[in-house]
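Reader: Hi! Could you walk me through the charged pairs in this one? I'd like to start with helices.

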Amino acid sequence: MPGTPQDKTAEEAGGPTESDRAAAAAPRRRQARGERRISQLLAAASGVFCRTGYAAASTNAIAREAGVSPGTLYQFFPNKEAIAIELGGRLLQRAHETHGQAFLPENLDRPLPELLDAVLDPVIAFNCENPAFWALMHGSGVPGITQEHEELHCNLLTRIEAVLHGFAPAATQAELTHTSNMILGIFKSALDLILAHEGPERAAYTAELKTVLLRYLEPMVTTTRSR
């Protein structure tokens with residue numbers, strides 16, 4: 001009996017065949033495997049950079065950490081600098097997102113002690129969860145990373161100045177600039193101690209940082225907020 005139109009194969013109907021679908025899926029599978037391998041290599045690089053610092057790290061050490069051959073690593077990254085740039089770029093993006101969450105408008109309307117918690121806690125957590133960020137931003141010297149980190153630094157200073165202006169609307173621009181730079185300097189110095197410890201000791205140094213900033217900022221804060 002002659003076949004009906006519904007009985008036609010996909011090939012006869014001009015649609016994709018099973019082999020067509022398989023061929024289309026192959027690049028997606030390769031891409032997914034490639035992304036997993038890149039993530040594996042970046043995680044390994046993160047560990048190596050944290051333990052040895054960027055300067056002493058090598059592609060061979062990163063390959064060993066990842067459990068792959070150097071040849072496999074070179075399929076994805078030509079050298080150590082390329083790995084650092086990719087890892088640094090991803091971490092910088094996460095840092096920008098963290099800062100955006102920390103400086104949400106609703107956080108900025110809180111009293112100073114609560115504001116310090118709302119801003120500092122996510123930023124500290126990000127650095128503790130991503131120790132390679134500190135290692136790369138402050139020790140790699142890779143031009144691309146250095147430039148982007150300077151942009152992040154300037155953006156953070158601008159955010160801090162805006163918060164200070166809300167608390168102390170009568171402060172001059174010079175006062176806001178000096179105070180913002182001092183806050184960031186205090187934070188970076190304390191972060192060294194925080195990252196070097198874990199558990200109760202880390203919590204203690206975090207609490208000390210908040211106390212220092214609170215005592216430093218209290219004389220500058222007015223009783224009313226600028227709206």
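Author: Happy to! A quick definition before we begin: helices here are DSSP runs of H or I with at least four residues, numbered from the N terminus. Keep in mind that this is a predicted model.

Reader: Great. Which helix holds both arginine 90 and glutamate 86?

Author: Both lie in helix H4, which covers residues 80-102. The two are 4 residues apart, about one turn of the helix. They form a salt bridge, with the closest N and O atoms 2.8 Å apart.

Reader: And how exposed are arginine 90 and glutamate 86?

Author: Arginine 90 is partly exposed, at a relative accessible area of 28%. Glutamate 86 is partly exposed too, at 31%.

Reader: Nice. How many salt bridges does the structure hold?

Author: There are 5. One of them pairs arginine 51 with glutamate 65, where the closest N and O atoms are 2.7 Å apart.

Reader: Where do arginine 51 and glutamate 65 lie?

Author: Arginine 51 is in helix H1 (residues 18-52) and glutamate 65 is in helix H2 (residues 59-66), so this pair ties together parts that are 14 residues apart in sequence.

Reader: Is arginine 51 buried or exposed?

Author: Exposed, with a relative accessible area of 55%. Its partner, glutamate 65, is partly exposed at 39%.

Reader: Staying with H2 for a second, which of its residues are buried?

Author: Thr59, Ala61, Ile62, Ala63 and Ala66 are the buried ones in H2.

Reader: What comes just after H2?

Author: Glycine 67 is found there, and this glycine takes a positive phi of about 75°.

Reader: Back to charges. What does lysine 210 pair with?

Author: The side chain of lysine 210 meets that of aspartate 117 in a salt bridge, at 2.8 Å from N to O. Aspartate 117 belongs to helix H6 (residues 112-129) and lysine 210 to helix H10 (residues 199-217), so the pair ties together parts that are 93 residues apart in sequence.

Reader: Which residues are joined with them into one network?

Author: Salt bridges with shared partners link Asp117, Asp121 and Lys210 into one network.

Reader: Why does lysine 210 count as buried?

Author: Because its relative accessibility is 17%, and buried means under 20%. Aspartate 117, by contrast, is partly exposed at 33%.

Reader: And why can such side chains pair in general?

Author: Side chains of opposite charge can do so when their charged atoms come close.

Notes:
Residues numbered from 1 in each chain as written. Predicted model: local features only at pLDDT ≥ 70, side-chain atom pairs only at ≥ 80, totals over all residues. Heavy atoms only, no water. Salt bridge = Lys/Arg side-chain N within 4 Å of Asp/Glu carboxyl O. Buried < 20%, exposed > 50% of the residue type's maximum accessible area, 1.4 Å probe, protein only.
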